[in-house]
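Biologist: Hey, got a minute to walk me through this one? Let's see it first.

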Amino acid sequence: MTDLHVVILAAGKGTRMKSETPKVLHPLAGRPVIEHVLATVDHLETASTTLVVGHGAELVRAALANRPNLRYVVQSPQLGTGHALLQAEPILKDLKGDVLLLYADVPLLEPGTLLRLLETHRGTKAAMTVLTAELADPYGYGRIVRGADGRMERIIEERDASAEQRAIKEFNSGIYALSLRKLFNNLNDLATDNAQGEYYLTDLVAMYRQKKLRVESLCLDSADELRGVNSRQDLADLSLIVRQRKNRLLMVGGVTMEDPATTYIDADVTVGADTVLGPGVRLEGRTAIGERCRIHAGSRLTNVAVEDDVVVLDYSVIVDSRVGQGAQIGPMAHVRPQSVIGPAARVGNFVELKKTTLGKGSKASHLSYLGDAIVGEGVNIGAGTITCNYDGEKKHTTVIEDQVFIGSDSQLIAPVTIGKGAYVGAGSSITSDVPAGALAIARGKQVVKPEWATKRKASRPASKDGL
């Protein structure tokens, strides 16, 4: 069994976000920020993962309820990073191996980077290994102070640094690999003689050097992975980076994007080869698009399973539904949750589906509402058809069996069943079941009054403009 234990610090309030929602729960490319960190950890072989929570702890637990193996400890009050890690002592103090310390608001870290950090740490048998990088202006970060031999001597926080130390370009990411051997004994020896009056985890570097314990570092070529979310601006900036990564990955895999800059694809979306995405397309949640599909401009799909060879025309919205092979949707269609569109089916312009199954080859080409309906195969739904599914208190089901023809501007007042092969005449209001093979016509008798319009016009005074 692996002896790697991950601890993720997620206790901060995120004051600069100016939000009641904990910072780590704000969405970034379709996932809460913390889920990006957890997804990276998923690539590692770990014995345990512990979250140190504080502000909004119950909200964080609720948001991560789908991860039952997570362990939680609470940091209250919040007295610094050293104090935060100390909260995990009851869980980890009697274990062997290493701790990988991460932050819940640093979502861009790649699994490969963490593996390199662990390889450096274990390969050198270090007590502590620090992930670092360089920036032209590392304002706000702790600086890496090295001796004449180039080895790290200590980390000095920005507030405690001299002008000379602030000129150092190499900074501390706050991400560490730490041997569990006597880790908590050393953490309990940390002091608060600093500008913040907090227990700094960074003080371990100097402490370990003094105790002749090995301290190593891994300096990344680029600092991009180490960027954190501290403000709404950071959230937007990092979202852009995640989207660009996702778009590049999909295009390498054979997906065409007509305008990648306006194509928004969430982290958990999959898209098959030879699919073409138009400008302004949004694929959200856990949407899965098959091969050879065409999603036209401005369409939004959220948690949708789309099979191969599907066409979604411009400005259509599909949510929590399934679309069969070769189907066509739109333009400007709205497919609401729990709908299933069968193979080769057609949902046309200004058609709305809600909790409806549309069978193979069936079509509702324009201006219709189908709610709580079960529609068979080969059905034609005429323009303006409405399933009247709501009686003011309850929703009712409309069943339309195979090969039915529904004439334009018909109302099907549920609960009602239209039998196989039946016809419903245009303009009908159907309130009773229609037997298979029958014709149902339910509309008022037409009355014609000869010359009525001519006489009415003659009786009216002429308008001033003569019209």
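Modeller: Start with H1: Val33, Ile34, Glu35, His36, Val37, Leu38, Ala39, Thr40 and Val41 are buried there. Buried is under 20% relative accessible area, exposed is over 50%, and partly exposed is in between (1.4 Å probe, protein chains only). Helices are DSSP runs of H or I, at least four residues, and strands are runs of E, at least two, numbered from the N terminus.

Biologist: Is this model predicted, and how are residues numbered?

Modeller: It's a predicted model, where local features need pLDDT of at least 70, side-chain atom pairs count only at pLDDT 80 or more, and totals for chains, interfaces and linings use all residues. Residues are numbered from 1 along each chain as its sequence is written, and side-chain values use heavy atoms, leaving out hydrogens and water.

Biologist: New topic: how many aromatic pairs are there in the whole structure?

Modeller: The search finds two. Rings of Phe, Tyr and Trp (its six-membered ring) pair if their centres lie within 6.5 Å; planes under 30 degrees apart are stacked, over 60 edge-to-face, the rest tilted. Tyr141 and Phe171 have ring centres 4.4 Å apart and planes at 40°, so that pair is tilted.

Biologist: Is Phe171 buried or exposed?

Modeller: Phe171 counts as buried, at 1% relative accessibility, while Tyr141 is partly exposed at 27%.

Biologist: And what about Phe405 and Tyr423?

Modeller: Their ring centres are 5.2 Å apart with planes at 25°, so they're stacked. Phe405 is in strand S36 and Tyr423 in strand S39, 18 residues apart.
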